[in-house]
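Work through the exercises below with the sequence and the coordinates open. Try each task before reading its solution.

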Amino acid sequence: MKYYLSIILFFVLLASGPERSFAEVQLTGQFTQGGLLSGRVSPGSQLYYGERLIQVSPEGSLIFGFGRDAAPQQKLTLISPEGHIQHQEISIHQRSYEVQRI
């Protein structure tokens, strides 16, 4: 929950700058290895997770997940419809997996 609020706050603060008009991103889900996030951006925006472009619907809805071995720090890049670029580092909670041998 803390990560969700910090990401929204970051993009809202950037969007509220006096001479800038940035797109907003809202993400919900588990910021943990193997976690799944869903979210919304302004229609026409592009969101990159690392170097990977996240598919965004025409309405701005999106969904993506973290691998089970995801690094603790990940980078999100948001490109607004006007071409403004925002970068945000997010923290991914590391999980301990129980090893099973067959």
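The exercises go from the whole chain to single residues, and the model they use is a predicted one.

**Exercise 1. The chain as a whole**

Task: State how many helices and strands the chain has, and in what order the elements run.

Solution.
- Step 1. A count of the elements gives 1 helix and 7 strands.
- Step 2. Read from the N terminus, their order is α-β-β-β-β-β-β-β.
- Step 3. The chain holds 102 residues, and 32% of them are buried.
- Step 4. About 6,600 Å² of the chain is exposed, with carbon and sulfur atoms supplying 52% of that area.
- Step 5. Among contacts with a separation of 6 or more, 49% join residues 24 or more positions apart.

**Exercise 2. The four-stranded sheet**

Task: Find the strand order of the open sheet formed by 4 strands, and decide whether the pairing is parallel or antiparallel.

Solution.
- Step 1. Strands of a sheet pair through backbone hydrogen bonds, in a parallel or an antiparallel way.
- Step 2. Here the order is 4-3-6-7, and the pairing is antiparallel.
- Step 3. Strand 4 (52-54) and strand 7 (85-91) are the edge strands, since each of them pairs on one side only.
- Step 4. From one strand to the next, the twist averages 25°.
- Step 5. Inside the sheet, strand 3 (residues 46-49) and strand 6 (residues 73-79) run antiparallel and are joined by 4 bridges.
- Step 6. Within strand 6, Thr77 is the residue opposite Tyr48.

**Exercise 3. Strand 5 and its two faces**

Task: Identify which residues of strand 5 lie on the covered face and which on the uncovered one.

Solution.
- Step 1. In a regular strand, side chains alternate between the two faces of the sheet.
- Step 2. On strand 5, Leu62 and Phe64 make up the covered face.
- Step 3. Ser61, Ile63 and Gly65 make up the uncovered face of strand 5.
- Step 4. Phe64 has a relative accessibility of 6%, so this residue counts as buried.
- Step 5. The pairing of strand 5 is with strand 2 (residues 36-41), antiparallel and over 5 bridges.
- Step 6. In that pairing, Phe64 is the bridge partner of Leu37.

**Exercise 4. Aromatic pairs**

Task: Classify the ring pairs Tyr49–Phe66 and Phe64–Phe66, given that planes over 60 degrees apart count as edge-to-face.

Solution.
- Step 1. Rings pair if their centres lie within 6.5 Å, and by this rule the count is 4 aromatic pairs.
- Step 2. For Tyr49 and Phe66, the ring centres are 5.5 Å apart and the planes stand at 70°, so this pair is edge-to-face.
- Step 3. Tyr49 belongs to strand 3, while Phe66 sits in the loop between strand 5 (61-65) and strand 6; the pair therefore ties together parts 17 residues apart in sequence.
- Step 4. For Phe64 and Phe66, the centres are 5.9 Å apart and the planes are at 80°, so this pair is edge-to-face.
- Step 5. Tyr49 has 15% relative accessibility and counts as buried, and Phe66 is buried at 5%.
- Step 6. Tyr49, Phe64 and Phe66, together with Phe31, form one aromatic cluster.

**Exercise 5. Three loop residues**

Task: For Thr32, Gly67 and Val56, decide whether each is buried or partly exposed, using a limit of 20% for buried and over 50% for exposed.

Solution.
- Step 1. Thr32 is located in the loop between strand 1 (25-29) and strand 2.
- Step 2. The relative accessible area of Thr32 is 11%, so Thr32 is buried.
- Step 3. Beyond its neighbours within four places in sequence, Thr32 contacts Phe66, Ile92, His93 and Arg95.
- Step 4. Gly67 lies in the loop between strand 5 and strand 6, and at 40% relative accessibility Gly67 is partly exposed.
- Step 5. Gly67 and Thr32 are 35 residues apart along the chain, and their C-alpha atoms are separated by 9.0 Å.
- Step 6. With neighbours within four places left aside, the contacts of Gly67 are Gln33 and Gly34.
- Step 7. Val56 is in the loop between strand 4 and strand 5; its relative accessibility of 21% makes Val56 partly exposed.
- Step 8. Residues up to four places away not counted, Val56 touches Val41, Ser45, Ser61 and Leu62.
- Step 9. A distance of 8.3 Å separates the C-alpha atoms of Val56 and Gly44, which are 12 residues apart along the chain.

Conventions:
Residues are numbered from 1 along each chain as its sequence is written. Side-chain values use heavy atoms; hydrogens and water are left out. Two strands pair if DSSP finds at least two bridges between them. Axes are lines fitted to C-alpha atoms, for helices over the stretch in contact, and angles run from 0 to 180 degrees between N-to-C directions. Rings of Phe, Tyr and Trp (its six-membered ring) pair if their centres lie within 6.5 Å; planes under 30 degrees apart count as stacked, over 60 as edge-to-face and the rest as tilted. Buried means under 20% relative accessible area, exposed over 50%, partly exposed in between (1.4 Å probe, protein chains only). Contact means heavy atoms within 4.5 Å. Accessible areas come from the Shrake-Rupley method with a 1.4 Å probe; for residues, only the protein chains shown count as cover.
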